[in-house]
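Biologist: Please give me a close look at one topic in this model: the salt bridges. I'm in my first year, so keep it plain, and tell me where each pair sits along the chain.

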Amino acid sequence: MTSPKNRTVALLGNPNCGKTTLFNRLTGLRQKVGNYPGVTVERREGRLAGSTGITLLDLPGCYSLTPKSPDERIARDVLLNWIPDLPAVDAVIVVVDASNLRRNLFLATQVIELGLPVVLVCNMLDLVASHGKQIDLVALGDRLGVPIVGTVATTGAGLDELCTVITRCCTSASPASLSSSGSACSSGAAGFSFADDALLSVTAPLRDALVAHQIVPADIACPVARMLASSPSSDSDVSPDHWPAEFTLAFARIQKQWRSNGEHPSSALVQARYVALQQITGGVVDHEPTSFISRSDRIDAIVTHKFWGMAAFTTVMLVMFLAIFSGADPIMGFIESGVSWLGGFTASVLGEGVLTDLLVDGVIAGVGNIVVFFPQICILFLFIALLEDTGYMARVAFLMDRVMSGAGLHGKSFIPLLSSFACAVPAIMATRTIENRRDRLATMLVAPLMSCSARLPVYIILITILFPGALWLKVGIMLSMYALGTITALAVAFILKRTLLKGPTPTFIMELPPYRMPMPGALIRNMWDRSKLFLTQAGTVILALSIVLWALAYFPRVDAKAGLSPGAQLRQSYMGQIGRGMEPIIEPLGFDWKIGVGLAASFAAREVFVSTMGIVYGIEGDVDESSTTLIDAMSNARRDDGRKVFTPLTGISLMVFYVLACQCMSTIAVVKRETNSWRWPTFMFAYMTVLAYVASLIVYQGGLAVGFR
Amino acid sequence: MIVSSENMPDNVSGAASDPAMPDPAMPDPAMPDPAMLDPAMSDGSAKADSDADNTVTLDSLQVGAAATVVGIHGSDASIRLMEMGLVPGARINVVRRAPLGDPMDVFIQGYHLSLRAAEAHLVYVQLTPPGASA
């Protein structure tokens, strides 16, 4: 083989080891982002810059090949070629944080044992040097029996050498020096033993089962058996689907036997590896880290301080929200006028007709309703990227874990829930950082209860109609709605974690990485990758649903010559029929059919309520929440018996409904995508609708009972 | 329970009666045999000294305390704790607690790790006398 063709090289490392920076450096802008089949674990790959056929695959960060989360499972399954439809990897680059060698080498030695060609990258040498230390890379490489390259990914130092080593690794037909370690059972890398004879005999049944059921080749069955044996339990989250049932049974039987004999090898295996790592790193680092006072610690002394830490935290969150709500305003206005210009332009080009109406009112207006939130979403993701890249995100989880654990959630649930005040869609996407599946689901399912910015126009118009004057009352009601959503979210999470999503208490074992200066390029890329997903979604699911909702309001057509007003057309459309059909059901909440139409149309996006009210009440022209004619029309609207439609009680009941109901197709679509099934979005829609209905019912009927009208 | 039987010696009772171990509902603590500690991994005090009065759980330590890990109680969390470097013989410093009291920030194997009191309660440590260790 002269030049490497179509080789896949996996990039693996602990979280926070600089792996992503390295990946971006090595691949430049030629990256593809997608998901692994069947799971929403991000799959990122790119062509190695300057090579002809080497693809780099960026595996999720993990601490060990004994998986604790779907992310870590993917890393293991890719290396062992346990994922159908994915090519086997030809080599692995294992990135280790040089400032934290031993814990990082825990993972590296697990990979080396698998017998794949490994290139070890010792990253962040600058950090080591700044602490006045040195690492003997040659000695370390010799001991582990793998090529080793020292790098500083942030500056690019050492990357040329790394490219050369990777290419050579992929080119050489028989990387003899690299694959020697896998075969030997008694010894690990270059003679280091990761398990003594007692452990080997305890794990032997599992090794034999692996070979017998052809799960892995015989020469690596030994290390794989030790890896699997470290699993605390055979959790379905971390077991490959394609395992033959007989092997799964055999594995469970072996586990049971270990337990009943009191000889489960899991903790002894971990301990044995650390003992070996102590020998491997001995003398490689010129002295052990003894002091824990670094620049990072001095920052932490302030930002996790009882008083100053909380003050800094509040400030950061305030700035983030100010940026989201006011920083996005001009661009949102720009998009809104762009959308209406595009609608007007399309209408003038195409002339009148059903197709024009479909394009203008269905496609352009429908997608426009969602895309208008794009600037807010970009800003939110930019902040999340900034918090992550500096290392502050871990401190947010550290500071807020006590609050979240009260509701049975994880400190990492805080940012997604907070983001939900802007929009539930990015919030649900941000739950990907939560390792535990149940915690992540619980966070996703309650996130839409937080009052997002789409509810704001609804609150504003209702509060304006119902409580003219009285500023303190307006502010008080507004805040109550936000509080109601937040408290309900935490309460529902609490209940979910004790019922449907019951499981062992999740752990909060989290590294607090040193603070780092973020790189602008990486921030922008990070923000764009995530925001792009939102746009893709707007172009597919949301587009389709917009057309459906438009059709419901458009058909059946009455004879155009009858000259019906838009309000009358809407009244007899399918949407109007739905509204009137809903009337008996929503009557006890104090709503009439017109509000019913608003509720149904709000499924596209909540703020559509305002423009729908405009149509129902026959207001011509553009309608927004400050439109006085709409406010007048709604204020004066009467029921058939002459009572006002919008009494303070109806208004409160309606707002409570908006706080709690899941009227957002984007949220449903994103939950469907993130959970890969319709089960959870259906459940979410159902529980939120029931919750909203019951709460509104209590408010309205309770209000009537105590004499409010 | 995943700690092997040879990891559960009789000296457990001494540790369990220690007033610093607050939760009587916890199952019997599983302590590794001091003989299992590798000399390379431990400083002298952890290896030789089996004085149980000195052994407490990590959650009971004061901020600023220095200690040596002697064992981890078996549970699903314990494997991850050990993989993160909380293995017998490893030195550990309690750096701070979060403003609301939980979780805590410890310095282990050259890096900072955050864990809840409930998880720290699984970790048995032996206090290093002040000034004896960095």
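Modeller: A residue is buried under 20% relative accessible area, exposed over 50% and partly exposed in between, using a 1.4 Å probe and protein chains only. This is a predicted model, where local features need pLDDT of at least 70 and side-chain atom pairs 80 or more, while totals for chains, interfaces and linings use all residues. Residues count from 1 along each written sequence, chains are lettered from A and ligands numbered from 1 as written, and side-chain values use heavy atoms without hydrogens or water.

Let's start with the surroundings. Chain A has 709 residues, and 55% of them are buried. Its fold is built from 31 helices and eight strands (DSSP runs, H or I of at least four residues for helices, E of at least two for strands, numbered from the N terminus). Look at the contacts in chain A with a separation of 6 or more: 72% of them come from residues 24 or more positions apart (a contact is heavy atoms within 4.5 Å).

Now for your topic. How many salt bridges are there over all chains? The count is 18, each being a side-chain nitrogen of Lys or Arg within 4 Å of a carboxyl oxygen of Asp or Glu. Let's visit three of them.

Start with Arg103(A) and Glu511(A), whose side chains meet at 3.2 Å, N to O. Arg103(A) belongs to helix H3 (residues 101-113), whereas Glu511(A) belongs to strand S8 (residues 510-511), so to speak a long hop of 408 residues along chain A. Are these two charged partners buried or exposed? Arg103(A) is buried because its relative accessible area is 1%. Glu511(A) comes in at 6%, so this partner counts as buried too.

The next pair crosses from one chain to another: Asp401(A) and Arg116(B) form a salt bridge of 2.6 Å, N to O. Asp401(A) sits in helix H16 (residues 392-406) of chain A, and Arg116(B) sits in the loop of chain B between strand S5 (111-115) and helix H4 (117-120), so the salt bridge joins two chains. Here again both partners, Asp401(A) and Arg116(B), are buried.

Last stop: Glu674(A) and Arg432(A), which meet at 2.9 Å, N to O. Glu674(A) is in helix H30 of chain A, while Arg432(A) is in the loop between helix H18 (424-430) and helix H19 (437-446), so this pair ties together parts of chain A that lie 242 residues apart in sequence. With a relative accessibility of 4%, Glu674(A) counts as buried. This salt bridge has company as well: Arg432(A), Arg440(A), Arg673(A) and Glu674(A) are joined into one network by salt bridges that share partners.

While you're looking at helix H30, find Thr667(A), which is part of that helix (residues 665-675) in chain A. Thr667(A) has a relative accessibility of 2%, so it counts as buried. And what does Thr667(A) touch, leaving out residues up to four places away in sequence? Its contacts are Ala424(A), Val425(A), Ile428(A), Pro448(A) and Met684(A).

To pull the tour together, one salt bridge links helix H3 with strand S8 in chain A, another joins chain A to chain B, and a third ties helix H30 to the loop between H18 and H19 of chain A.
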